[in-house]
Amino acid sequence: MKRYRTWVEVSERALTHNVETLRSLLEDGARFCAVVKANAYGHGLFEVAGIAARAGVDAFAVDSIDDALSLREVYPSAMILTLGYTMSDRFREALSANIHLTVSDLEGIEQAQTIGRELAKTFPIHLKVETGTMRQGVNMEDLTDMALHLSRCDRVSLEGVSTHFANIEDSENPEFAARQFSLYEQALSILSEHQICPPWRHCACSAAIILYPQTHQTLVRAGISLYGLWSSELVENTVRRLNLGCDLQPVLTWKSRVTQIKTVHMGTPIGYGLTEVMKRSGRLAVIPVGYFDGYDRLLSSKGEVLIKGTRCKVMGRICMNMMMVDVSQVPQLEKEDEVILLGTDGRHRVTAEDHARLCQTIPYEVLTRINSALPRVIV
Ligand SMILES: *Cc1c(COP(=O)(O)O)cnc(C)c1O
């Protein structure tokens, strides 16, 4: 049955391949955390978590406590870590569900201790250290205080210490990342002087996993590479230049269907604002996808979709829930035929990188903006 108008297909084979490829790069003793924040980079939280769990990943990382709690219902014993901020009032739920929280200040540690006492349980936290991203993180100067405080908190278990790189995707200029890593190592040694040696030491995102094995520590956090995309063009070029034997396979295909086909005369203006006209007489197809679905309005008159192996250009403005494409070159097209918005069809491909270039953004944003209400289907 052709049930869906628009949907996202998630390839189990490709995702499993990526997990295995990335794991084969890991230093001895390093474990693998699948970053499934932002609806698993638009791929579908539960679909991806399911495949990743079958592939044997060691942990999941999400942004919010809400995602962590939803995952916990399905995975009673998995290690689940929140990367983003958790409101103090949610710490109780976090501890009850044994969620590991990222904490980056004294208040966080104190709240963990308070709730740990109340529930008579040990609160697993990961301390995030500021090494130069100027996002979350404890300043290096405050680490000693933090360590002294931690040693007095009998209901807090420092399970991890983490940091995050600001410029590691710029593989031609590794100096800043190297400085951050050295600060991170200093942070670990300050903590160890206070007999604090957390089992989970993690700082490597995709680019670090692929290019800098010395950063792997005991856990790596793989996001974009898990989904088969490169962190940046520079990372991709470096991998190819150094022949690193890391081939990633895109996991996602975004599909829709033709809902109407019409013959249109040369010179006919198309869509809102009459911004584009047919250059010659031909055929137009209406596709039930718009900017609400996450197809960026900047792709108006620029985007391309694949229909029956043919590239078809978007005509006129992307609407809220629809768009029009030129199908003059597609033979024997029928209503409800498949359209590929992102993915491969025969010898043609439309990638998240293509959309990112046209929209002056990065593939991460293109993927994460695919509306989470659209169905995800594992194939
Ligand atoms: C998103 C995120 C990652 C994953 O980064 P990728 O470049 O997608 O691999 C890792 N760590 C933190 C803290 C993140 O926020």
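Trainee: Let's start with Y41: buried or exposed?

Mentor: Y41 is buried, with a relative accessible area of 6%. The cut-offs are under 20% for buried, over 50% for exposed and partly exposed in between, using a 1.4 Å probe on protein chains only. Bear in mind that this is a predicted model: local features need pLDDT of at least 70, side-chain atom pairs count only at pLDDT 80 or more, and totals for chains, interfaces and linings use all residues. Residues are numbered from 1 along each chain as its sequence is written, and side-chain values use heavy atoms, with hydrogens and water left out.

Trainee: Got it. Which helix is Y41 found in?

Mentor: Helix 2. Helices here are DSSP runs of H or I with at least four residues, strands are runs of E with at least two, and both are numbered from the N terminus.

Trainee: And what's the phi of Y41?

Mentor: About 50 degrees, so positive, although Y41 is not a glycine. Most residues other than glycine have a negative phi.

Trainee: Where does Q195 sit, then?

Mentor: Q195 is in the loop between helix 8 (175-193) and strand 8 (200-204). Its phi is also positive, about 60 degrees, and Q195 is no glycine either. Q195 is exposed, though, with a relative accessible area of 68%.

Trainee: Switching to rings. How many aromatic pairs does the structure hold?

Mentor: Six. Rings of Phe, Tyr and Trp (its six-membered ring) pair if their centres lie within 6.5 Å; planes under 30 degrees apart are stacked, over 60 edge-to-face, and the rest tilted. One of the pairs is Y41 with Y227, which is stacked at 4.8 Å centre to centre, with 25 degrees between the planes. That pair links distant parts of the chain, as Y41 is in helix 2 (residues 37-41) while Y227 is in the loop between strand 9 (219-222) and helix 10 (233-241), 186 residues apart.

Trainee: Is Y227 buried or exposed?

Mentor: Buried, just as Y41 is.

Trainee: Which residues form a cluster with Y41?

Mentor: Y227 and Y364 join Y41 in one aromatic cluster.

Trainee: On to domains. What does the assignment give?

Mentor: Domain 1 (12-231) and domain 2 (252-378); the bounds come from an automatic or database assignment. Their centres, taken over C-alpha atoms, are 38 Å apart. Domain 1 puts 15 residues into the contact and domain 2 puts in ten, where contact means heavy atoms within 4.5 Å.

Trainee: How much area is buried between domain 1 and domain 2?

Mentor: About 1100 Å², with carbon and sulfur atoms giving 66% of that. Buried area is the accessible area (1.4 Å probe) that two parts lose on being put together, summed over both.

Trainee: How many salt bridges does the rule find across the interface of domain 1 and domain 2?

Mentor: Zero. A salt bridge needs a side-chain nitrogen of Lys or Arg within 4 Å of a carboxyl oxygen of Asp or Glu. Across that interface, the rule finds one residue pair in polar contact, both at pLDDT 80 or more. Polar contact means N or O atoms within 3.5 Å; within protein, one must be able to donate a hydrogen and the other to accept it, and residues adjacent in sequence count only if both atoms are side-chain atoms.

Trainee: How many salt bridges does the count come to?

Mentor: The count is 15. Among them, E9 bridges to K255, with the closest N and O atoms 3.1 Å apart. E9 sits in strand 1 (residues 7-10) and K255 in strand 10 (residues 252-257), 246 residues apart. Both E9 and K255 are buried.

Trainee: Which residue is linked with E9 and K255 in a network?

Mentor: E338, through salt bridges.

Trainee: What about R311 and E304: what do their side chains meet in?

Mentor: A salt bridge, 2.8 Å from N to O. R311 is partly exposed at 34%, and E304 is partly exposed at 31%.

Trainee: Last one: what does D296 touch?

Mentor: D296 touches I318, C359 and R369, leaving aside residues up to four places away in sequence. With R369, D296 makes a side-chain to side-chain polar contact at 3.3 Å. The C-alpha atoms of D296 and R369 are separated by 8.6 Å, and the two residues are 73 apart along the chain. D296 lies in the loop between strand 14 (282-287) and strand 15 (304-307), and counts as partly exposed because its relative accessibility is 21%.
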